[in-house]
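Hi,

Here is the model I said I would pass on. Have a look at it first, and my notes on what turned up follow below.

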Amino acid sequence: MRRLTRSVVWLAAVLVVPPPASAQVVRGVLVDEHTGAPVELGAVVVVDQNRDSIGALLTDERGFFEFTLPDDGEYSLIVSGLGYWSSLVGPVSVADDEVRIVEATVAARPIPVQGVTVDAGEARLGSLVRA
C-alpha cells in the first residue's frame, strides 16, 4: 500500500510540475512582402548582438524555420531567397524558455539575365494549316 501511494504521488508530481526550462526558440515563416506567399528554400541566419552567427538554415516548402538558441537575449535574423533582396529582421528579444514567433518578409529582386537572344524564326503558315 505504501509503495502504491508513493507511485501515485510521483505520478501526480510528474504530471503537474512542468519540466525545467531547456531552451529558447525562435520560429517563424519567411514570406514575399507583396504576395504573402511562403518563400521555399529561403536562407535564414540568426546572429547575436555582436553580429556573430548562431546558426543558419533553409526554410521548408511552407517558408517555415525554427532555431533553438543557446541563451536568452536579443538576436537578429538575416533572411534572403533566390530572387529576393536580403533583409535584416530584429532585434528579436527572447526570454529564458520562451518560444518567439516571427514573420519575416523579403522584397522581390529581379534577376538580370544577360546575353540571351530569342529568335522566333520565320512563321510558316503552310506547315500549320493542312489542306
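Let me start with Val102: setting aside residues within four places in sequence, its contacts (heavy atoms within 4.5 Å) are Val26, Arg27, Gly28, Val29, Phe65, Leu77, Val89 and Val92. Val102 sits in strand S7 and is buried, at 9% relative accessible area. By "buried" I mean under 20% relative accessible area, with exposed over 50% and partly exposed in between (1.4 Å probe, protein chains only). One of those partners, Val89, is 13 residues from Val102 in sequence, and their C-alpha atoms are 8.9 Å apart.

Some housekeeping before the rest. This is a predicted model, with local features requiring pLDDT of at least 70 and side-chain atom pairs counted only at pLDDT 80 or more, while totals for chains, interfaces and linings use all residues. Numbering runs from 1 along each chain as its sequence is written, and side-chain values use heavy atoms, leaving out hydrogens and water.

Now the overall layout. The chain has two helices and seven strands, in the order α-β-β-β-β-β-β-β-α along the sequence. These elements are DSSP runs numbered from the N terminus: helices are H or I with at least four residues, strands are E with at least two. Of the 131 residues, 26% count as buried. If you take contacts between residues at least 6 apart in sequence, 55% of them join residues at least 24 apart. The chain exposes about 9,800 Å², and carbon and sulfur atoms supply 56% of that; accessible areas come from the Shrake-Rupley method with a 1.4 Å probe, and for residues only the protein chains shown count as cover.

Leu30 is another residue to click on. Leu30 lies in strand S1 and is buried, at 0% relative accessibility. Not counting residues up to four places away in sequence, Leu30 touches a long list of residues, including Ala37, Val39, Thr59, Phe65, Val79, Ala104 and Val106. Thr59 is 29 residues from Leu30 along the chain, with 7.4 Å between the two C-alpha atoms.

How many salt bridges does a search of the whole structure find? Two, where a salt bridge is a side-chain nitrogen of Lys or Arg within 4 Å of a carboxyl oxygen of Asp or Glu. In one, Glu66 pairs with Arg27, and the closest N and O atoms are 2.8 Å apart. That pair ties together distant parts of the chain, as Glu66 is in strand S4 (64–69) and Arg27 in strand S1 (24–32), 39 residues apart. Glu66 is partly exposed at 34% relative accessibility, and so is Arg27 at 28%. The other salt bridge joins the side chains of Asp60 and Arg62, at 2.7 Å from N to O. Arg62 is exposed, at 53%.

Asp48 is the one I would like you to look at. Asp48 is in the loop between strand S2 (43–47) and strand S3 (53–58). Asp48 is buried but has no salt bridge, and the nearest side chain of opposite charge, Arg51, is 7.1 Å away. For charges, Lys and Arg count as positive and Asp and Glu as negative, while His and the chain ends are not counted. A polar atom of the Asp48 side chain does lie 2.9 Å from the backbone nitrogen of Asp52. Beyond four places in sequence, Asp48 contacts Ile54, Glu74 and Tyr75.

There are some backbone oddities too. Most residues other than glycine have a negative phi, and most peptide bonds are trans. Arg51, in that loop between S2 and S3, has a positive phi of about 70 degrees without being a glycine, and is partly exposed at 47%. Asp97, in the loop between S6 and S7, also has a positive phi, near 60 degrees, and is partly exposed at 42%. Gly90 and Pro91 are joined by a cis peptide bond with omega about 15 degrees; Pro91 is in strand S6 (87–94).

Last, the surface. Leu82, Ile111, Val113, Val116 and Val118 form a nonpolar patch with about 590 Å² of accessible area together. Patch members have over 30% relative accessible area and no salt bridge; like charges are joined within 9 Å, and nonpolar side chains (Val, Leu, Ile, Met, Phe, Trp, Tyr) within 5 Å. Within the patch, Ile111 belongs to the loop between strand S7 (99–106) and helix H2 (125–128).

Cheers

Methods: Polar contact = N/O pair within 3.5 Å; in protein donor to acceptor, adjacent residues only side chain to side chain.
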